[in-house]
Amino acid sequence: MAANKKLLILPGDGIGPEVMREVRRVIDWMDRRRMVTFDVSEDFVGGASIDAKGTPIADNTLQAAKDADAILFGSVGGPKWDKLGFDMRPEIAILRLRKELDLFANLRPAIVFDPLVDASTLKADVIKGLDLMIVRESTGGIYFGEPRGVETMANGEKRGFDTETYTTGEIQRVARVGFELARKRQNKLCSVEKANVMQSGLFWRQTVAALGAAEYPDVALSHMYADNCAMQLVRNPRQFDVIVTSNIFGDLLSDLASMLTGSLGMLPSATLGAIQPSGKRHALYEPIHGSAPDIAGKGVANPLAQILSFAMLLRYSFGMDEDAALIEKACVNVLGSGLRTADIMGPATARVGTGVMGESILRELEKLAA
Ligand code: NAD
């Protein structure tokens, strides 16, 4: 039996606690099967934390996040807290976690599960079997670069500006995440920028190329302009294995790639920090969907993105690839049996709520592990 692993669970708001409940059942199941014992703690975050503690994320919660081996995050936000000042918005919790834990690499897989191939707006023969990973740099670039602002020029006209900026170290550390992931997958990395029109893009390309040649000669590295990448993602997405790119291009391309799969309630994500001298790496896992206030409390939310986020956590933080694969297989099999939450209904499928979907995953796990 593996040693205890410290897991901090932050369910958050809206459907967050509902879908997280189903993950807790998977964790309990793993515990019962004595595959692994987790040292689980749970805390408020976002609106729930504003209500309970008067702040989107309390200092002791941040400390617990730093101490944890991995964080499983639900989602935050909702109309109840929309009118609060910027510093008190539930989303501040995510920003603080990213900043204080220096979570710089955002991993967004886009996977099309066979039973859901018709959920995509693209043709099935283009999308079937898709399994790509986008690594987005998430703490630098134009969203944070200085100088930024709006100024009045000598002629009285105003000018708004932001700065795209990346250092060698910032590019190398996110590119390393891409190279390492590629090694565990199909060994292909595509680095994306606008080297044709941006100095920082050219610098990005040269830095990634030099790193590849020096440390990852075994990985097939290619380079692509961001506009072409957007086109290629729609034309032939299966050509990609791992894509690594800057904050702004990753923002756009990962949303595009997510929507290739056609189902928001299915998509997990991870955000990783640097590997520390102790070998530990901060990591936060969360579904890409928000708190879905329109369906919160109705018991209809799809728990699969949250469950698949937990599978990612097992794979990337705890090296438990087999257990992660078991959970993913259970999800695919349940979908294959025709059970669907409302958001992913298709022809000849049966509609179930959050709890029944969770129960069905547990039953399938029992079967697979028997
Ligand atoms: P959303 O992702 O919450 O919802 C978009 C649509 O998808 C809604 O119709 C919702 O019902 C549906 N949906 C989302 N997840 C689903 C699931 N698991 N099962 C079934 N249907 C699902 O995005 P939004 O409506 O733009 O935002 C709602 C709130 O969530 C806002 O306060 C926003 O700020 C917040 N938000 C938080 C995060 C986060 O915590 N990381 C991310 C995005 C949005």
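Which residues have the most contacts inside the largest nonpolar core? In this predicted model, they are L107, V135, F310 and L314, and the core they belong to has 64 residues. If you're colouring by element, start with helix α10, residues 304-316, since the largest share of this core, 8 residues, comes from there. The core isn't confined to one domain, either: at least three residues come from domain 1 (1-116 + 262-370), and at least three from domain 2 (152-260). As background, nonpolar side chains in soluble globular proteins tend to be buried together.

Let's pick up L107 and follow it. This residue sits in strand β4, which covers residues 105-111. L107 counts as buried because its relative accessible area is 1%, and the cut-off for buried is under 20%. Now look across from L107 to S269: the two are 162 residues apart along the chain, yet their C-alpha atoms are separated by 5.6 Å.

Strand β3, residues 70-75, offers a similar stop, with I71 in it. Is I71 buried or exposed? I71 has a relative accessibility of 1%, so it counts as buried. Its C-alpha atom is 5.9 Å from that of L7, with the two positions 64 residues apart along the chain.

For a contrast in distance, try V117, in the loop between β4 and α5 (124-127). V117 is 75 residues from V192 in sequence, and here the C-alpha atoms are 27 Å apart in space. V117 still counts as buried, because its relative accessible area is 12% and the limit is 20%.

On to helix α4, residues 92-100, where I92, A93, I94 and L97 are buried. It helps to remember that an α-helix has 3.6 residues a turn, so residues three or four places apart point the same way. Just after α4, D102 takes a positive phi of about 50°.

That brings us to the backbone oddities. Most residues other than glycine have a negative phi, and most peptide bonds are trans. So where are the exceptions worth a click? Besides D102, with its positive phi, there is N187, which isn't a glycine but has a positive phi of about 65°. N187 lies in the loop that links α6 (168-184) to β8 (188-193). With 24% relative accessibility, N187 counts as partly exposed.

A348 is another non-glycine residue with a positive phi, near 55° in this case. You'll find A348 in the loop between β13 (339-340) and β14 (350-351). Because its relative accessibility is 84%, over the 50% cut-off, A348 counts as exposed. For a peptide bond, go to E146 and P147: the bond from one to the other is cis, with omega near 0°. P147 belongs to the loop between β5 (131-137) and β6 (149-152).

The β13–β14 loop deserves a second look, since T341 lies there too. T341 is buried, with a relative accessible area of 0%. What does the side chain of T341 touch through polar contacts? One such contact, of 3.4 Å, joins it to the side chain of N302. Another, of 2.7 Å, runs to the side chain of D343.

Finally, the ligand. How many residues surround it? There are 20, and the closest are V76, E91, G290, A292 and D294. By class, this shell has 8 nonpolar, 8 polar and 4 charged residues.

Some of the backbone takes part as well. A backbone N or O atom of G290 is 2.7 Å from an oxygen atom of the ligand. V76 also brings a backbone N or O atom to 2.8 Å from a ligand oxygen. For G78, a polar backbone atom lies 3.2 Å from an oxygen atom of the ligand. As for coverage, the ligand exposes 810 Å² when taken alone, and the protein buries 67% of that.

Notes. Residues are numbered from 1 along each chain as its sequence is written. This is a predicted model: local features need pLDDT of at least 70, side-chain atom pairs count only at pLDDT 80 or more; totals for chains, interfaces and linings use all residues. Side-chain values use heavy atoms; hydrogens and water are left out. A residue is near a molecule or strand if one of its heavy atoms lies within 4 Å of it. A polar contact is a pair of N or O atoms within 3.5 Å; within protein, one must be able to donate a hydrogen and the other to accept it, and residues adjacent in sequence count only if both atoms are side-chain atoms. Accessible areas come from the Shrake-Rupley method with a 1.4 Å probe; for residues, only the protein chains shown count as cover. Ala, Val, Leu, Ile, Met, Phe, Trp, Tyr, Cys and Pro count as nonpolar, Asp, Glu, Lys and Arg as charged, and the others, Gly among them, as polar. A nonpolar core is a set of buried Ala, Val, Leu, Ile, Met, Phe, Trp, Tyr and Cys residues joined through side-chain atoms within 4.5 Å. Buried means under 20% relative accessible area, exposed over 50%, partly exposed in between (1.4 Å probe, protein chains only). Helices (H or I, at least four residues) and strands (E, at least two) are DSSP runs, numbered from the N terminus. Domain bounds come from an automatic or database domain assignment.
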